[in-house]
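Let's work through a few short exercises together. Have your viewer ready and try each task before reading its solution.

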Amino acid sequence: MDLKDKRVVLTGASSGIGFEMLKLLLENGCKVAACARHIETIDLENENLFLKKCDVSKKEEIDEFFDFAIEKLGGIDLYISNAGFAYYEKLGEPDWEHATAITDTNFLSTVYAAEKMKKIHGDEPYNFAVTASAMGLLSLPGYALYSGTKAAVRGFADAYRYELNPDQHFQVIYPVATKTKFFNRAGNNTPVPWPTQEPETVAKRVIKGIQKNKKHIFPSMMFRMTDIASRVFPFLFKIYVDINNKEFQKWIKSEGK
């Protein structure tokens, strides 16, 4: 996909990977409609950038953002569903609202946006990219709900591609832990899983993956190779998960859970 003059929608654009992708999209000559809950933190001035506050966990706000993007851009060639968050926690009392909040943002907003893109384009070509997580392939202790939502994204994409035309691309991004405020928001004193990457590095590799129309985009080659190797030697992931579980158990004790 040649990004020059492409009309792009980006959610979760105010910080981290989203903000770095936003800068790269503009550098590549895209016209971008970007949204976030805290859009006021985006300190960029560009004639090809159009900003709108949006909570993607709410259907009506996604509808309004689509209308805004089409009005400003004249159409949408690429939709990047990047908004999302995590809990780092030991699940306790049943809490429907707690589970719904993360599911609506991380999973259902992506499904709904994908359906809207298909309806808009019909049989015409377009790209849809979504930021999942390495935890969509490898669930870690403390991230039961988060890993579940990202695994759901992967499962949806793998099946939904069969409903799309060959020139309609559904791309899933699997970043490892990224050095952003993400883990601060996940919970108090959240341990950061190894390996880590800088958001600038992740964004560059994501943009390259989108340009190449890759179905699966792995910003970390180390994780990609480990993922492949673990299918032959599954004990590798078990060792890794056990290490993270020790950190989780320490966290539980330190937080008095």
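The exercises below look at one residue and then at the strand around it. The model is predicted, so local features need pLDDT of at least 70, side-chain atom pairs count only at pLDDT 80 or more, and totals for chains, interfaces and linings use all residues. Residues are numbered from 1 along each chain as its sequence is written, and side-chain values use heavy atoms, leaving out hydrogens and water.

**Exercise 1.** Place Gln 171 and decide whether Gln 171 is buried or exposed.

*Solution.* Start with the strand: Gln 171 lies in β6, residues 168–173 (strands are DSSP E runs of at least two residues, numbered from the N terminus). Next, take its relative accessibility of 0%, which means that Gln 171 counts as buried (under 20% relative accessible area, 1.4 Å probe, protein chains only). Finally, look for a polar partner: the Gln 171 side chain comes to 3.2 Å from the backbone oxygen of Gly 209.

**Exercise 2.** Which residues cover the two faces of β6?

*Solution.* Begin with the general rule: side chains in a regular strand alternate between the two sheet faces. Then sort the residues: Gln 168, Phe 170 and Val 172 are buried on one side, and His 169, Gln 171 and Ile 173 on the other. Six of the six residues are buried, so β6 is largely enclosed by the rest of the structure.

**Exercise 3.** Which residues stand opposite Val 172 in the neighbouring strands?

*Solution.* First, β5 (residues 126–131) pairs with β6 in parallel over six bridges (pairing needs at least two DSSP bridges), and here Val 130 faces Val 172. Second, β9 (residues 216–217) runs parallel to β6 with two bridges, and His 216 is the bridge partner of Val 172 there.

How values were computed:
Helix = DSSP H or I, 4+ residues; strand = E, 2+ residues; numbered from the N terminus. Buried < 20%, exposed > 50% of the residue type's maximum accessible area, 1.4 Å probe, protein only. Polar contact = N/O pair within 3.5 Å; in protein donor to acceptor, adjacent residues only side chain to side chain.
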